Amino acid sequence: MTEPTKILLDESELPTHWYNIIPDLPAPPPPVLHPGTLEPVGPDDLMPLFPIDLILQEVSPESYIEIPEEIREIYRLWRPSPMYRARRLERELDTPARIYYKYEGVSPAGSHKPNTAVAQAYYNAKAGIRKLTTETGAGQWGSALALACQMFGLECEVWQVAASFDQKPYRGSMMRAWGATIHSSPSEVTNAGRAILEQDPDSPGSLGIAISEAVEVAATNADTNYSLGSVLNHVLLHQTVIGQEAAAQLAKVGETPDIIIGCTGGGSNFSGLSFPFIREKLAGNINPTIRAVEPAACPSITKGEYRYDFGDTIGMTPLIKMHTLGHSFVPDPIHAGGLRYHGMSPLVSHLCELGLMEAVAIGQVECFEAAIRFARSEGIIPAPEPTHAIAAAMREADLCRESGEEKVVLIALCGHGHFDMGAYDTFLAGELSDYEFPAEAMGEALEKVPVVG
Ligand SMILES: *Cc1c(COP(=O)(O)O)cnc(C)c1O
């Protein structure tokens, strides 16, 4: 019998629950603090922005939370997602490692982001909310939320960082096709945007400014809520369908992972794949290495400090204990736009502190070299973000070639790169370069981080 290249699950094998790792951890993550009182935030602080179901999921003591049928019905449009054995890549690398990748680019928006966008739109619609606002950088999150809002009859208003708005017009086209309204940020439609434009009419924008605009509109309209595509516990929770499916798929071919690798921006696709395996690791059933990969230009876990900081650039959010480069740190414009966040999910940060996982940083040139080899052997053109996971897997495959070890490597291939071809053109023209991580800029940014306790 030939062993399968594509490992598929039946629709009936779609997970029925999301997995919440928090109750299984040896210590709970530190609380999120109110920036004024430095007391833990309560549900009342979050009610102006989020529906109660999501606030409760954020702090849930339950290990498994049932996925409502309305959400599963939409998940079934592309889930269970496929897992592939990267046979052609293994041959190309001449490695005895067995490499598997879980592919989330089959969603309508082309990434893992709809897994949480659909859930968030559902709970907001259920709470009687009429409109969701959000920010987007490269446009992956904005397009996922536009899709999800359309499915539940919600309006969607997106502020996209001006520089990306101009560079990636087709992400905007997708959002409009799904019925969303999109503004280049800073915009004229909010106080925050107008204030920035008054100082700098040509501002290229930033995620921090776009967050301020989206939050302002949500906070000042009772029928409008705000939605975030990464970082928060409930977002990571929704992504655990990825890892549960992956565990079932590996079991089908009788494999146990030795190493699990994902790229980290805010931590959601990495957590979605790895948390269900970490559960088994905590239970003593398996012992894989769990490795996050971040860009060398924005190395929050490997170079940042673990301390309380703001989630946004302007300093409007609660204080979150996380690995941070400082909320005012502006990373270099690498092509992996989704990995340019100054902090890390507090839950991923906590897992690092507990020693349950590790992290490495890789420069973008090595990542694009890896991506081209991947595209030319496996066919799929990866988004710039998961090229980091692919590069790390190739390092592992090289080590296996030298040692002769037959490791089972599992990677999160969290999206395709069809809207990021400009980055590939730059690489193929030999014009892509690495950025040196500016340690002094981080030092300056850390001076602006509040000192807590
Ligand atoms: C948004 C995005 C990321 C970064 O976010 P995480 O929360 O770290 O997953 C990575 N890859 C893709 C394809 C994205 O769209």
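**Close-up views of helix H5 and the seven-stranded sheet**

**View 1. Helix H5 and its surroundings.** At 1.5 Å a residue, helix H5 (residues 114-126), with its 13 residues, should span 18 Å, and its end C-alpha atoms are indeed 18 Å apart. The expected span is 1.5 Å times one less than the number of residues. This is a predicted model, in which local features need pLDDT of at least 70 and side-chain atom pairs count only at pLDDT 80 or more, while totals for chains, interfaces and linings use all residues. Residues are numbered from 1 along each chain as its sequence is written, and side-chain values use heavy atoms, with hydrogens and water left out. Helices (H or I, at least four residues) and strands (E, at least two) are DSSP runs, numbered from the N terminus. Eleven of the 13 residues of H5 are buried (under 20% relative accessible area, 1.4 Å probe, protein chains only), so H5 is largely enclosed by the rest of the structure. Among them are Pro114, Tyr122 and Tyr123. After H5 comes glycine 128, with a positive phi near 85°.

**View 2. The open sheet.** Seven strands line up in the order E1-E4-E5-E15-E10-E11-E14, with mixed pairing (at least two DSSP bridges between two strands). At the edges sit strand E1 (6-7) and strand E14 (358-362), each pairing on one side only.

**View 3. E4 beside E5.** Strand E4 (residues 83-85) and strand E5 (residues 98-103) run antiparallel, joined by three bridges. Look for methionine 83, whose bridge partner in E5 is lysine 102.

**View 4. Helix H16 on the sheet.** Helix H16 (residues 364-378) packs here, touching E4, E5, E14 and E15 (heavy atoms within 4.5 Å).

Definitions and conventions
Axes fitted to C-alpha atoms, helices over the stretch in contact; angles between N-to-C directions. Buried < 20%, exposed > 50% of the residue type's maximum accessible area, 1.4 Å probe, protein only.
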